[in-house]
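Please walk through this structure step by step, beginning with its strands and then turning to a pair of its helices.

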Amino acid sequence: AASPLLSPLTTLRRYSARRRGGSGGGISSSRMNALAATSRNFKQAAKLLGLDSKLEKSLLIPFREIKVECTIPKDDGTLASYVGFRVQHDNARGPMKGGIRYHHEVDPDEVNALAQLMTWKTAVANIPYGGAKGGIGCSPGDLSISELERLTRVFTQKIHDLIGIHTDVPAPDMGTNAQTMAWILDEYSKFHGYSPAVVTGKPVDLGGSLGRDAATGRGVLFATEALLAEHGKGIAGQRFVIQGFGNVGSWAAQLITEAGGKVIAISDVTGAVKNSNGIDIAKLMKHSAENRGIKGFDGGDAVDPTSLLTEECDVLIPAALGGVINK
């Protein structure tokens, strides 16, 4: 017999996939407020589970919301101010856990929605953590390495007494990476002593996990394999289009190619490239690292990035911002 849990959990999984830039089905949150969309899905799940209304309300309201000002000296000597957020949603199942993203569109509602999704995700996967999410409203591509370091350290100084090994454990997300986590770890340790477990996704040399860098992209591979298996197909021989060439998109492209799939079009914020015979991913990785983006890559034809989502293919992987699939 089908489990009564299947419907709501499927709803939550689909929505989580969509927020991460995965391939969740259903109605898009595109121009619908991220928090409204997430809360709506939760309410649907709560209804299917027959949750008590008081419990439902308490699960929707976050445990704590933090908003801080982060002012740093820029390399040219001027001062710049940014707003940092951390939403700690629920700690009923263990320390709160979730990424920190650096993006110019970071706002309280989005962070709130993503924190809520982390609570459901850790619960669905049966990992003893709660949910949290954070971010700074900035354009990381416009900041130098030293400016990013100063910004990260100031943000950590503002929230260090509200995060911790048994309280809230940050992780990398959009616009952040292992280096960002190393700065948080170092700054946090100035106040609390050496505490490598305060962040995940840190460099392996500082106690990070092997395979963490590729984990999200590998998750996309596994989910795609599972989806194709339902239709009696495999990765090999399928044509893929990937929107986004950051951590998720680049690893997904590499792993799909290794599994025999053919990636025929890819885009990032700088541009898009198409090659019907399959893009040389290793070559594109090298180009992207050297040129801070895929623009100008000679292993295919440059195409309009906005047309990428409608390119003819077998599997489309949106691995950039959430809410790109609309009516």
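How many bridges join strand β6 to strand β7, and do these strands run parallel or antiparallel? In this predicted model, strand β6, which covers residues 239-243, is joined by five bridges to strand β7, which covers residues 262-268, and the two run parallel. One of the residues taking part is Phe240, whose bridge partner in β7 is Val263.

These two strands belong to a wider arrangement, an open sheet of five strands that follow one another in the order β9-β8-β7-β6-β10, with mixed pairing. At the edges of the sheet lie β9, formed by residues 301-303, and β10, formed by residues 315-318, each of which pairs on one side only. If direction is ignored, neighbouring strands of this sheet are turned against each other by 20° on average.

Turning to the helices, one can follow how α5, residues 145-159, meets α6, residues 178-192: their axes come within 9 Å and cross at roughly 45°. Because an angle of this kind falls among neither the roughly parallel, the roughly antiparallel nor the roughly perpendicular ones, α5 and α6 are oblique to each other, and their crossing is right-handed.

The side of α5 in this contact includes Ile145, Leu148, Glu149 and Arg153, while among the residues that α6 contributes are Trp183, Ile184, Glu187, Tyr188 and Phe191. Taken as a whole, the residues of the contact between α5 and α6 divide into six nonpolar, four polar and five charged.

Terms used. Residues numbered from 1 in each chain as written. Predicted model: local features only at pLDDT ≥ 70, side-chain atom pairs only at ≥ 80, totals over all residues. Heavy atoms only, no water. Axes fitted to C-alpha atoms, helices over the stretch in contact; angles between N-to-C directions. Helix = DSSP H or I, 4+ residues; strand = E, 2+ residues; numbered from the N terminus. Parallel < 35°, antiparallel > 145°, perpendicular 65-115°, else oblique. Left-handed = near helix turned anticlockwise from the far one by under 90°. Contact = heavy atoms within 4.5 Å. Nonpolar A, V, L, I, M, F, W, Y, C, P; charged D, E, K, R; others polar. Pairing = 2+ DSSP bridges.
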